[in-house]
Amino acid sequence: MAGIAVSTTINGDNIEYLCQPDETLLDVLRDRLGLTGAKEGCGTGDCGACSIILDNRLVCSCLVLGAEAEGRRIETVEGMAHGDQLHTLQQKFLEHAALQCGICTPGFLIAAKDLLAKNPDPTEEEIRFGLAGNLCRCTGYDKIVRAVQDAAHVMKGA
Amino acid sequence: MNFDPRFSGRKFASVGTRPIRPDGVDKVTGRARYGADFNMAGQLVGRVLRSPHAHAKILKIDTSKAEKLAGVKAVITAKDLPDLTGGDAAMYDILDNCMARTKALYDGHAVAAVAAIDARTARQALKLIEVEYEILPHVTDVDEAMQHHAPLINDTIFTEGLEEKPVKPSNVTKRSQFGHGDVHQGFGHADFIVERSFKTEQTHQGYIEPHACVASVSSDGTAELWVCTQGHFVYRQHCAQLLGMEASKLRVTSSEIGGGFGGKTHVWAEPVALALSRKAGRPVKLVMTRDEVFRASGPTSATSIDVKIGARKDGTITAAEATLRYSAGPYAGSWAEIGAMTAFACYKLDNVKTVGYEVLVNRPKTAAYRAPSAPMAAFAVESAVDELAKELGMDPVDFRIKNAAQEGTRSSYGPVYGPIGIGPTLEAVKNHPHMKAPLKKNQGRGMACGFWFNFGGQTCVDLNIGMDGSVSLAVGTVDVGGSRASLSLVAAEELGIDYAQLKAVVADTSSLGYNDMTDGSRGTFSSSMATISAARNAIKILRERAAQMWDISVDDVVWEQGHAVAKGDKHGNLGKLSLKEIAAESGKTGGPIAGHSELVADGAGVSFATHICDIEVDPETGSTRVIRYTVVQDAGKAVHPTYVEGQYQGGAAQGIGWALNEEYIYGKDGRLQNAGFLDYRIPVCSDLPMIDTQILEIPNPNHPYGVRGVGETSIVPPLAAIANAVSNAAGVRMTHIPMSPPRILAAIEAERGG
């Protein structure tokens, strides 16, 4: 079957690819483009491990078709650090040990980045509801919330 | 020099600090490679066809149409995984679970598999496989499966552990009994007796990463397997045995693991992927969908438990008895036995008896889930203990303190305890500000205790010192939550060097000796013991090399804070030699410097925890909210306290999900109705409060630093602590887990009505 030609922007780079009409954006990112930071935990939009930002909107990339990315702007976890300079959220996740197994971490980082972009000074409750679309089975969320609080504090001061 | 594992009090420089984990940056940048993040050239996509029936004879499987589909490179059934288990019943069960042989035993049981050039072709191929089933009556409930008229799942099972060998087969695989004293006499001395029955539903470990592997079998008989697992050496053994390979020809590399909690201690898809690769002659990647994870992997047991406890007016327990029934899925395990062992382990009892019955049901094969079997037993016992305290008019903490096991207590499952933490965790809870905090309307407070054995096991570590003085530590226990950081701390401590000078990796099965799995809370306990031993062996060589460099006797060289130091008046003019300086000369003084260790880490110290929680219950809807939660647990010695806290918090959160919401729901047709995260809802961020932790350190006498395992105990008390809180808030004893809103509402209404 002939593929659909897609031209899109991923982490600031112009990217072109061919994909099948039934292929998810998550599959394109992972299997065609080698961007395996986004994970498939469920494939049904319930776990948030595949979170990306699509034109300033937080989405589950497993619920977006690869063909829908035409002309859009995509941000993934691979684009968060600048060179070897980690994003404040990445640094705070490390300092607070906000990850154990780490499989949910890329999704949480992207969701937290989106949250802080829209609400730079969230309350604990706003953080908890803002991240409620992302499942973590290891941490009980305590250290994740603290890492995001700390990052928000630092980013506000910056 | 033999390794002495005994505890020796020492002042720590590295252990107890909280550095950033060595695998951290890769995990926050998306670079870390998990099970599904690895690919091989020419790789095919594997997929599994699963039974839609709970119990059915497989009459015929026709794969011819699937084989003819363009792009399909291999189709396999049980015929391609012949029985090579040689009468090993446990291995045969694993084989049968990987690919059903004559009967499908649960909804989701694998019956065939394909490897194709892409996912779409593989999916199409599955639809072309024709399976003819003869549907059999099924049973999914643990109590129903014990009835004499219940459908028989395996007619070769005759209950073990009965006084007389049964003449008829049964779904009850085994009866196990533990205890001592005379409970009949004990109850005779009781002024108050509480007797209750409890049920818990089946839950899944709920790791976010589905099972995933890439298998590559070569025509020369060697093979490679990349897989997310808690134990790659065990996977190698099982896969090699099931496929008729020599273990050394199969190299298994453990990927980063996206959660396991016991669920990744069992092979499912890996032998299938290897068989597909063998048949197709190409690498095969096999990744489960979430639906498959729920239907075919995990879960824990569903249980039905009766508890009876009696006490004198002064609060002394005179007798305790429990009957525990645990579902095992369609294959025998030892789940009820473990539950029967742990049930009363927190208490000092003169008369105690527990009986476990393990029961086959048409559900997925029960897998270990964090302190497997203990949370359900603790739920039943700790609920009854609370009820008894209430009848006695005693504070529930004081009642437990009065009866808590101590050093020297003969445990309810046999062994005599050494120094243990149950008393100290209870005292800490008694004095915790949480216990004194005011409660609002419709809120209730509960507390409960929990026990877990902990495990040691076979362990192997290599510690290699590079010529630049940096140290690589190769361990064989999979890092499930930060153990590379804790083991680096231990190596740094022992060698007297900086944490940053070390890099710890998890070695593959061809690069290191055998290691048991990361289970039983053994990762940091056992591998730190082996790391200490390996470091001490390396230090011996470092001293020898320094002696050689100085041309003095090795007996005059000691190792202090990362340096060789010459002792004695005659060597007063010799300066210290750092590890780095000795390593730089190693090429001239005898070659590479390394320390190795192979040992069985005996003496895993038992672990206790006490939890407190406050729950608010909406009496109109039965919905609940966790207001506050506190975990107090003995760690022996917290090597990396942040990750110890993480284990405490994570176990509590899983317990909260189990207590309040999570359950496998089966229809009358025996099919799982909620095989996805939307309907099997694990706690999300907005469901939980911060989870406070208090780490106690009662040294384990059998570890040089006093370390105990910390991973599992934290899931043992929550079911009971939350049940006690909900019962106090709702004014009615909750006896069925999960305490979902309909169950709570029904209990409240029954109480009002009654």
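Which residue of β21(B) stands opposite Val557(B)? In this predicted model, that partner is Ala566(B). Strand β20 of chain B covers residues 557–560 and runs antiparallel to β21 (residues 563–566), with four bridges joining the two (strands are DSSP E runs of at least two residues, helices H or I runs of at least four, numbered from the N terminus; two strands pair if DSSP finds at least two bridges between them). The hairpin has two residues between its strands, and Gln561(B) takes a positive phi near 45° there. In a regular strand, side chains alternate between the two sheet faces. In β20(B), Val557(B) and Trp559(B) make up the covered face, while Val558(B) and Glu560(B) sit on the uncovered one.

Now for the interface. Here 51 residues of chain B are in contact with 48 of chain A (heavy atoms within 4.5 Å). Together the chains bury about 4,000 Å², 58% of it on carbon and sulfur atoms (accessible area lost on being put together, 1.4 Å probe, summed over both parts). On the chain B side, Val28(B), Cys685(B) and Met690(B) lose the most area, together 19% of what that side buries. The rule finds five salt bridges across the interface (a Lys or Arg side-chain nitrogen within 4 Å of an Asp or Glu carboxyl oxygen). Asp37(B) and Lys39(A) meet in a salt bridge at 2.5 Å, N to O.

As for conventions, residues are numbered from 1 along each chain as its sequence is written, and chains are lettered from A in the order written. Local features need pLDDT of at least 70, side-chain atom pairs count only at pLDDT 80 or more, totals for chains, interfaces and linings use all residues, and side-chain values use heavy atoms, without hydrogens or water.

Definitions and conventions: Buried area is the accessible area (1.4 Å probe) that two parts lose on being put together, summed over both. Buried means under 20% relative accessible area, exposed over 50%, partly exposed in between (1.4 Å probe, protein chains only).
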